[in-house]
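Me: I would like a close look at a single part of this structure, taken with its surroundings. Please keep the answer plain and give the values as you go.

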Amino acid sequence: MKRMIPLLLSILLLAGCGGNAADGAYEQIDQEEAKEMMDTQEVIILDVREQDEYDSGHIPGAVLLPVDTIDEDTAAAVIPEKDSTVLVYCR
């Protein structure tokens with residue numbers, strides 16, 4: 001299962017930041033929906049921008065994991081459980 005995390009995360013990142021996934025592997029939400037999720041449940045906020053973008057401003061509690069650094073180990077360190085809810089911020 002650990003090996004699937006980077007694949008699923010990559011699908012989320014590519015589809016979520018650039019268009020629509022044909023298989024429904026992710027759900028693109030607006031900021032109001034994200035805020036409600038953050039207020040009502042445990043979520044991991046994953047910021048996949050570059051360090052300088054993160055430094056210029058980020059969502060409180062967001063974990064920086066630049067898209068170019070995502071691999072099996074880095075994804076597993078940030079997403080401890082396969083059933084975790086992950087909000088990916090990429091803009």
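The part in question is strand E1 and the loop that follows, with Arg49 as the residue of interest.

Reply: The model is a predicted one, and the values below are computed from its atoms.

I start with the setting. The protein has four helices and three strands, and their order from the N terminus is α-α-β-α-β-α-β. Of its 91 residues, 29% are buried. The accessible surface is about 6200 Å², and carbon and sulfur atoms hold 50% of that area. Among contacts with a separation of 6 or more, 54% are between residues 24 or more positions apart.

The three strands make an open sheet with parallel pairing, in the order E2-E1-E3. E2 and E3 are the edge strands, each with pairing on one side only. In that order E1 stands between the two others. On the E3 side, E1 is joined to residues 86-89 by four bridges, the two strands running parallel. Leu46 is the residue opposite Val88 there. On the E2 side, two bridges link E1 with residues 63-64, again in parallel, and Asp47 has Leu64 as its bridge partner.

Next come the two faces of E1. In a regular strand, side chains alternate between the two faces of the sheet. In E1, Ile44 and Leu46 lie on one side and Ile45 and Asp47 on the other, and all four are buried, so both faces of the strand are covered.

The nonpolar cores can be read against these faces. Ile44 and Leu46 belong to the largest nonpolar core, which has nine residues. Its other members are Val48, Leu65, Ile70, Ala75, Val78, Ile79 and Val86. E1 and helix H4, residues 72-78, are the elements that each give two or more residues to this core. A separate core of six residues includes Ile45, together with Ala34, Tyr54 and Ala62. Ile44 and Leu46 thus share one face of E1, with Ile45 on the other, and Ile45 is listed in the six-residue core.

Ala62 deserves a short stop. This residue sits in the loop between H3 and E2. With a relative accessibility of 9%, Ala62 is buried, because the cut-off for that class is under 20%. Leaving out residues up to four places away in sequence, Ala62 is in contact with Ile45, Asp47 and Tyr54. Ile45 and Asp47 are the two residues named on one side of E1. The C-alpha atoms of Ala62 and Val43 are 9.9 Å apart, for a sequence separation of 19 residues.

Asp47 leads on to the loop. At 1% relative accessibility, Asp47 is buried. Its salt-bridge partner is Arg49, with the closest N and O atoms 2.8 Å apart. Arg49 lies in the loop from strand E1 (44-47) to helix H3 (51-55). Arg49 is also buried, since its relative accessible area is 9% and the limit is under 20%. Both charged partners are therefore in the buried class.

What else does the side chain of Arg49 reach? Besides the 2.8 Å polar contact with the side chain of Asp47, the side chain of Arg49 comes to 2.8 Å from the backbone oxygen of Gly57. With residues up to four places away in sequence not counted, Arg49 touches Tyr54, Gly57, His58, Leu64, Pro66, Tyr89, Cys90 and Arg91. Two of these names have come up already: Leu64 is the bridge partner of Asp47 in E2, and Tyr54 is a member of the six-residue core.

The structure holds two salt bridges, and the other one gives a point of reference. Asp39 pairs with Lys35, with 2.8 Å between the closest N and O atoms. The two residues are four places apart in helix H2, residues 31-40, which means that about one helical turn separates them. Asp39 is exposed at 52% relative accessible area, and Lys35 is partly exposed at 46%. For the Asp47 and Arg49 pair, the corresponding values are 1% and 9%.

How values were computed:
Residues are numbered from 1 along each chain as its sequence is written. This is a predicted model: local features need pLDDT of at least 70, side-chain atom pairs count only at pLDDT 80 or more; totals for chains, interfaces and linings use all residues. Side-chain values use heavy atoms; hydrogens and water are left out. A polar contact is a pair of N or O atoms within 3.5 Å; within protein, one must be able to donate a hydrogen and the other to accept it, and residues adjacent in sequence count only if both atoms are side-chain atoms. Contact means heavy atoms within 4.5 Å. A nonpolar core is a set of buried Ala, Val, Leu, Ile, Met, Phe, Trp, Tyr and Cys residues joined through side-chain atoms within 4.5 Å. Buried means under 20% relative accessible area, exposed over 50%, partly exposed in between (1.4 Å probe, protein chains only). Accessible areas come from the Shrake-Rupley method with a 1.4 Å probe; for residues, only the protein chains shown count as cover. Two strands pair if DSSP finds at least two bridges between them. A salt bridge is a side-chain nitrogen of Lys or Arg within 4 Å of a carboxyl oxygen of Asp or Glu.
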